[in-house]
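Here is a brief report on one protein chain. Keep the sequence and the model open while reading.

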Amino acid sequence: MLDISTITPALGTAQSSESCSLLRSTLGVGEPVVATYPDGTFHNYHPQGVSLFYTDNLDRIDFYNPSTSGRRRKPSPWNQPPELVFNFPSTSLPIPPPPARDSKLPPPKTKTEIPTSITRPARLIIRKETTAMDLVECFGEPIKKGGTTAWIDTYIEWEVEVLTPQGEEVKLGVMVELREGPGEGIELWDRAKNWEWACLKIFKP
């Protein structure tokens, strides 16, 4: 298992920094397969199922969940990464307030107490079979989400607070691309809750 909070100090540091060197050592990676694009460079470590994306510094850490099923059926070059652990500073999640009631409607006959939070586990372990529903139950409602296009997979995004082994709270950006299941594009978000993750990206929010 890999505690996500232990690798995030490298975010925002130079490729030659001690933090990035420690990150690569923790991940157990060797020589990368380098892919350069106009907006930055990927150092891909296929045996470990991880990629490091650099611009001037380390911008993002990507983990891949390989599969031969779904929309893209070419054999994956990625191996399965270790199980990823998110430890949370609390076991509750706030619930967004409901929309304002239409003033033209009559008042409700009885007042109902609306909960302001729900419980969640103290930790989330991202395994191969983890679904979008598992993520929402632990991370809460996404701050961003997007549907499937020709080039972009269905994704959901959060700002997540995690607890380090030293008891410090760290805020991370987490974006997850989902592996589409049957009936993609039809009732997208109702179906997407049961889709497994395909790529999990960690970055500074």
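## Two asparagines, two helices and a core

Asn 44 is buried, because its relative accessible area is 11% and the cut-off for burial is under 20%. The model behind this value is predicted. Asn 44 belongs to strand β3, which covers residues 40–45. Its side chain makes a polar contact with the side chain of Ser 51, at 2.6 Å. Ser 51 is also one of the residues that Asn 44 touches beyond four places in sequence. The others are Pro 32, Val 33, Ala 35, Val 50 and Trp 78. Asp 62 lies 18 residues from Asn 44 along the chain, and their C-alpha atoms are 9.2 Å apart.

A second asparagine deserves a look. Asn 65 sits in the loop between β5 (58–64) and β6 (84–87). Is Asn 65 buried or exposed? Asn 65 counts as buried, since its relative accessibility is 2%. Its side chain reaches the backbone oxygen of Trp 197 at 2.7 Å. Leaving out residues up to four places away in sequence, Asn 65 touches Gln 80, Lys 128, Arg 179, Glu 196, Trp 197 and Ala 198.

The table sets out the relative accessibility of both asparagines and of two cysteines.

| Residue | Relative accessibility | State |
|---|---|---|
| Asn 44 | 11% | buried |
| Asn 65 | 2% | buried |
| Cys 20 | 0% | buried |
| Cys 199 | 3% | buried |

How many disulfides does the structure hold? The count is zero.

Now the helices. Helix α1 spans residues 18–27, and its buried residues are Cys 20, Leu 23 and Leu 27. Viewed down the axis of α1, these residues fall within an arc of 55°, so they line one face of the helix. Glu 18, Leu 22 and Ser 25 are exposed on the other side of α1. What covers the buried residues of α1? The cover includes β1 (2–3), β4 (50–54) and β5. Gly 28 follows α1 and has a positive phi, near 70°.

Helix α2 runs over residues 132–139. Ala 132, Leu 135, Cys 138 and Phe 139 are buried there. Down the axis of α2, the buried residues fall within an arc of 135°, so they line one face of the helix. Gly 140 follows α2, and its phi is positive, near 90°.

Next, the core. The largest nonpolar core has 38 residues. Which residues have the most contacts inside it? They are Ile 61, Phe 63, Phe 86 and Leu 200. Leu 200 is in contact with Ile 61, Phe 63 and Phe 86, among other residues more than four places away in sequence. Its further partners are Asp 62, Leu 84, Ile 126, Val 174, Met 175 and Val 176.

Last, the chain as a whole. The chain has three helices and 13 strands. Of its 205 residues, 42% are buried. Take the contacts between residues at least 6 apart in sequence: 57% of them join residues at least 24 apart. The exposed area is about 12100 Å², and carbon and sulfur atoms supply 54% of it.

Methods:
Residues numbered from 1 in each chain as written. Predicted model: local features only at pLDDT ≥ 70, side-chain atom pairs only at ≥ 80, totals over all residues. Heavy atoms only, no water. Helix = DSSP H or I, 4+ residues; strand = E, 2+ residues; numbered from the N terminus. Buried < 20%, exposed > 50% of the residue type's maximum accessible area, 1.4 Å probe, protein only. Polar contact = N/O pair within 3.5 Å; in protein donor to acceptor, adjacent residues only side chain to side chain. Contact = heavy atoms within 4.5 Å. Disulfide = S-S within 2.5 Å. Arc of directions from axis to C-beta. Areas by Shrake-Rupley, 256 points an atom, 1.4 Å probe, with all protein chains shown as cover. Core = buried A, V, L, I, M, F, W, Y, C linked by side-chain atoms within 4.5 Å.
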